[in-house]
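User: Hi, I have a new model open and would like to talk it through with you. Please start with how you decide that a charge sits over a ring, then take me around.

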Amino acid sequence: MNFDWEYFFSLFARLTAYLPITLFLAIIAMVLAILVGAVMTWLQLSRWALLRYFAKFYISLFRGMPTLVELFLIFYGLPQLFPVFQGMTALTAAIVGLGLKQSAYLSEIFRAAVSSVDKGQIEAGQTLTISPWKLFLHVILPQSALNALPATGNTFASLIKETSLAFTLGITELFGNAKMVAGESFKYFETYLAAGLLYWLVIVLYSALQNQIEEELEKPYRRTTDGIH
């Protein structure tokens with residue numbers, strides 16, 4: 001096996017320079033996914049059948065279509081149909097495409113989280129004539145957010161890896177840079193292994209942060225035996 005260790009270790013400094021672009025894509029796309037996912041969740045829980053059907057269609061469409069196809073449709077297809085999109089940059093198309101894709105998954109996560117809240121608490125609040133907005137803000141939202149956090153975190157981890165598809169639109173992020181470096185040196189194994197380990201390291205660090213956040217948020221809901229004798 002002819003593995004160039006010196007070249008392999010030298011790659012990390014070179015590839016890490018493109019991590020900010022990868023993280024920027026993932027974070028902005030995740031913000032968009034959360035906002036659109038929340039709207040779709042509201043539509044799913046609406047009393048209006050037409051709104052529920054629209055949400056189901058949206059979720060089915062974006063969950064069933066490959067991410068790469070969606071990116072191509074947004075970047076290459078929309079400008080042909082609607083001239084207003086002709087000035088759209090590849091970065092914008094990647095963020096929109098990735099965000100809309102993940103919003104379909106987040107909508108289902110949010111809906112399940114809201115449904116998991118004990119109905120007795122909601123009924124008790126209604127009995128006390130608490131306004132629906134306050135009931136949602138102080139009872140439903142905190143508990144559903146906590147329930148949705150693990151799955152939402154997994155979605156973000158997947159989104160970080162899916163940013164590698166942005167290279168197909170001409171964006172040089174972590175994987176895009178690795179592909180060019182590998183093409184220059186012809187040392188594909190070392191290059192792609194280094195890129196894969198960097199993705200893995202980012203996911204590990206994020207998972208540790210997510211676990212810490214979950215522990216902090218769960219503290220008010222933990223039942224302790226302090227003071228019980």
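Analyst: Happy to! A charge sits over a ring if NZ of Lys or CZ of Arg is within 6 Å of the ring centre and within 35 degrees of the ring normal. Before we go on, this is a predicted model, in which local features need pLDDT of at least 70 and side-chain atom pairs count only at pLDDT 80 or more, while totals for chains, interfaces and linings use all residues. Residues are numbered from 1 along each chain as its sequence is written, and side-chain values use heavy atoms, with hydrogens and water left out.

User: OK, so which charged end sits over the ring of Tyr-7?

Analyst: That is Lys-187, whose charged end is 4.8 Å from the centre of the Tyr-7 ring.

User: And which side chain meets Lys-187 in a salt bridge?

Analyst: Asp-4, with 2.4 Å from N to O. A salt bridge here is a side-chain nitrogen of Lys or Arg within 4 Å of a carboxyl oxygen of Asp or Glu. Asp-4 lies in the segment before helix H1 (5–16) and Lys-187 in the loop between H8 and H9, so the bridge ties together parts that are 183 residues apart in sequence.

User: Are those two buried or exposed?

Analyst: In between. Asp-4 is partly exposed at 24% relative accessibility, and Lys-187 is partly exposed at 28%. The cut-offs are under 20% relative accessible area for buried and over 50% for exposed, with partly exposed in between (1.4 Å probe, protein chains only).

User: How many salt bridges are there?

Analyst: The count comes to 5. One of them joins Arg-14 and Glu-184, with the closest N and O atoms 3.1 Å apart. That pair links helix H1, which holds Arg-14, to helix H8, which holds Glu-184, across 170 residues. Arg-14 is partly exposed at 41%, whereas Glu-184 is exposed at 55%.

User: Let me switch topic. What does the overall fold look like in terms of helices and strands?

Analyst: The protein has 9 helices and 0 strands. Both are DSSP runs numbered from the N terminus, with H or I over at least four residues for a helix and E over at least two for a strand. Of the 229 residues, 39% are buried. The protein exposes about 13,700 Å², and carbon and sulfur atoms supply 68% of that; the areas come from the Shrake-Rupley method with a 1.4 Å probe, and for residues only the protein chains shown count as cover.

User: What share of the contacts comes from residues 24 or more positions apart?

Analyst: Among contacts with a separation of 6 or more, 77%. Contact means heavy atoms within 4.5 Å.

User: Good. What does Gln-44 in helix H2 touch?

Analyst: Leaving aside neighbours within four places in sequence, Gln-44 is in contact with Arg-52, Ala-55, Ile-59, Ser-107, Glu-108 and Arg-111. Gln-44 is buried, at 13% relative accessible area.

User: Which network of salt bridges includes Glu-108 and Arg-111?

Analyst: The one that links them with Arg-63. The side chains of Arg-63 and Glu-108 meet at 3.9 Å, N to O. Arg-63 lies in helix H3 (residues 49–64) and Glu-108 in helix H5 (residues 90–115), so this bridge ties together parts 45 residues apart in sequence.

User: Now the aromatics. How many pairs turn up?

Analyst: A search of the whole structure finds 16 aromatic pairs. Rings of Phe, Tyr and Trp (its six-membered ring) pair if their centres lie within 6.5 Å; planes under 30 degrees apart count as stacked, over 60 as edge-to-face and the rest as tilted. Phe-175 and Tyr-192 are stacked because their centres are 6.0 Å apart and their planes are at 20°. Phe-175 sits in helix H8 (residues 174–185) and Tyr-192 in helix H9 (residues 188–218), 17 residues apart. There is also a cluster in which ring pairs link Phe-3, Trp-5, Phe-8, Phe-9, Phe-12 and Phe-189.

User: Last thing: where is confidence lowest and highest?

Analyst: The average pLDDT, the predictor's confidence in each residue from 0 to 100, is 87 for the protein, and 90% of the residues score at least 70. Confidence is lowest in helix H6 (residues 119–127), with a mean of 67, and highest in helix H2 (residues 19–44), at 95. Over residues 224–229 the pLDDT is below 50, and this stretch has 0 contacts in the model beyond near neighbours in sequence.
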